[in-house]
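Welcome to this tour. Open your viewer, get ready to select residues by number, and follow along stop by stop.

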Amino acid sequence: MGDALRYHVNISAPNLINVCIDDNEMGDMSGRMYCCYCEEAVRFSNIIELLRCMERLFDAISFPQASTKTRMFLDNSEMDISLNAKPKKIVEQEDVIKYTGKIGTFITNVQFRQNATWQGEAFWAETGKVLKFSNTLEYIRRLDSAIGSKEE
């Protein structure tokens with residue numbers, strides 16, 4: 001997987017995410033997410049949890065920069081939570097991409113967050129295909145289609 005992956009995906013991207021799909025119960029994907037800012041896997045039990053984790057990561061590292069900001073109403077006690085320092089990279093990208101999912105592995109690089117959605121590409125490690133997406137719904141559809149085609 002190493003040489004093909006290096007050819008198709010920019011592994012130096014600060015927001016590189018390895019999405020490992022382990023189960024697809026009635027169309028609801030679950031598995032693990034790996035990134036450079038977490039020592040251990042971040043587990044998700046459905047696609048919404050995965051998207052929320054990814055969005056929080058992008059916000060925390062400010063990359064890719066969002067073209068719109070989500071409004072939040074905080075009281076003074078919550079204000080310091082929103083001003084946390086940028087997380088430090090603690091795992092190398094080569095270590096992030098080494099994990100595989102039981103059903104599928106998608107090395108994801110969200111390149112832009114424009115018009116309140118994501119644009120980027122995901123490298124499907126098992127097939128060597130690059131799945132480009134121009135919005136978050138298309139990303140979900142591409143993952144779902146890839147997993148569905150593998151299970152048949």
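What follows is a walk from the whole chain to single residues.

**Before you start**

This is a predicted model, in which local features need pLDDT of at least 70, side-chain atom pairs count only at pLDDT 80 or more, and totals for chains, interfaces and linings use all residues. Residues are numbered from 1 along each chain as its sequence is written, and side-chain values use heavy atoms, with hydrogens and water left out.

**Stop 1: the whole chain**

Show the chain as a cartoon. You should find five helices and six strands. Here helices (H or I, at least four residues) and strands (E, at least two) are DSSP runs, numbered from the N terminus. Trace the chain along its sequence and the pattern reads α-β-β-β-α-α-α-β-β-β-α.

Now switch to a surface. The chain exposes about 9100 Å², and carbon and sulfur atoms supply 50% of that area. Such areas come from the Shrake-Rupley method with a 1.4 Å probe; for residues, only the protein chains shown count as cover. Of the 152 residues, 41% count as buried. Buried means under 20% relative accessible area, exposed means over 50%, and partly exposed lies in between (1.4 Å probe, protein chains only).

**Stop 2: the sheet**

Colour the strands. In which order do the six strands of the open sheet lie? The order is E3-E2-E1-E4-E5-E6, with antiparallel pairing; two strands pair if DSSP finds at least two bridges between them. Select 42-44 for strand E3 and 129-133 for strand E6: these are the edge strands, each pairing on one side only. Neighbouring strands of this sheet are turned by 25° against each other on average, direction ignored. For such angles, axes are lines fitted to C-alpha atoms (for helices, over the stretch in contact), and angles run from 0 to 180 degrees between N-to-C directions.

Zoom in on E1 (residues 17-25) and E2 (residues 28-34), antiparallel strands joined by seven bridges. Within this pair, Asp23 stands opposite Ser30 in E2. Next, select residues 47-61, helix H2, which packs on the sheet and touches E1, E2, E3 and strand E4 (104-112). The direction of H2 makes about 30° with that of E2. Contact means heavy atoms within 4.5 Å.

**Stop 3: two neighbours in E2**

Select Met29, in strand E2. Met29 counts as buried, at 2% relative accessibility. Ile47 is 18 residues away from Met29 in sequence, and their C-alpha atoms are 5.9 Å apart in space. Leaving out residues up to four places away in sequence, Met29 touches residues including Ile21, Phe44, Ile47, Ile140 and Leu143.

Ser30 is in E2 too. Is Ser30 buried or exposed? Ser30 is buried, with a relative accessible area of 17%.

**Stop 4: the nonpolar cores**

A nonpolar core is a set of buried Ala, Val, Leu, Ile, Met, Phe, Trp, Tyr and Cys residues joined through side-chain atoms within 4.5 Å. The largest one has 33 residues; Ile17, Val19, Ile21, Met54, Phe106, Trp118 and Tyr139 have the most contacts inside it. Helix H2 supplies the largest share of this core, eight residues.

Show the side chain of Tyr139. Leaving aside neighbours within four places in sequence, Tyr139 is in contact with Val19, Leu51, Met54, Thr108, Trp118, Ala122 and Phe133. There is also a second, separate core of seven residues, including Ile11, Ile97, Ile107 and Ala125.

**Stop 5: the salt bridges**

Side chains of opposite charge can pair when their charged atoms come close. In a salt bridge, a side-chain nitrogen of Lys or Arg is within 4 Å of a carboxyl oxygen of Asp or Glu. How many does a search of the whole structure find? It finds six.

- Select Arg32 and Asp22: their closest N and O atoms are 2.8 Å apart. Arg32 is in E2 and Asp22 in E1, ten residues apart.
- Select Asp59 and Arg113: their closest N and O atoms are 2.8 Å apart. Asp59 lies in H2 and Arg113 in the loop between E4 and E5, so this pair ties together parts that are 54 residues apart in sequence. Asp59 is partly exposed, at 44%, while Arg113 is buried, at 5%.
- Add Glu55 to see a network of salt bridges linking Glu55, Asp59 and Arg113.
- Finish with Glu138 and Arg142, whose closest N and O atoms are 2.7 Å apart. Being four residues apart in helix H5, they are separated by about one helical turn.
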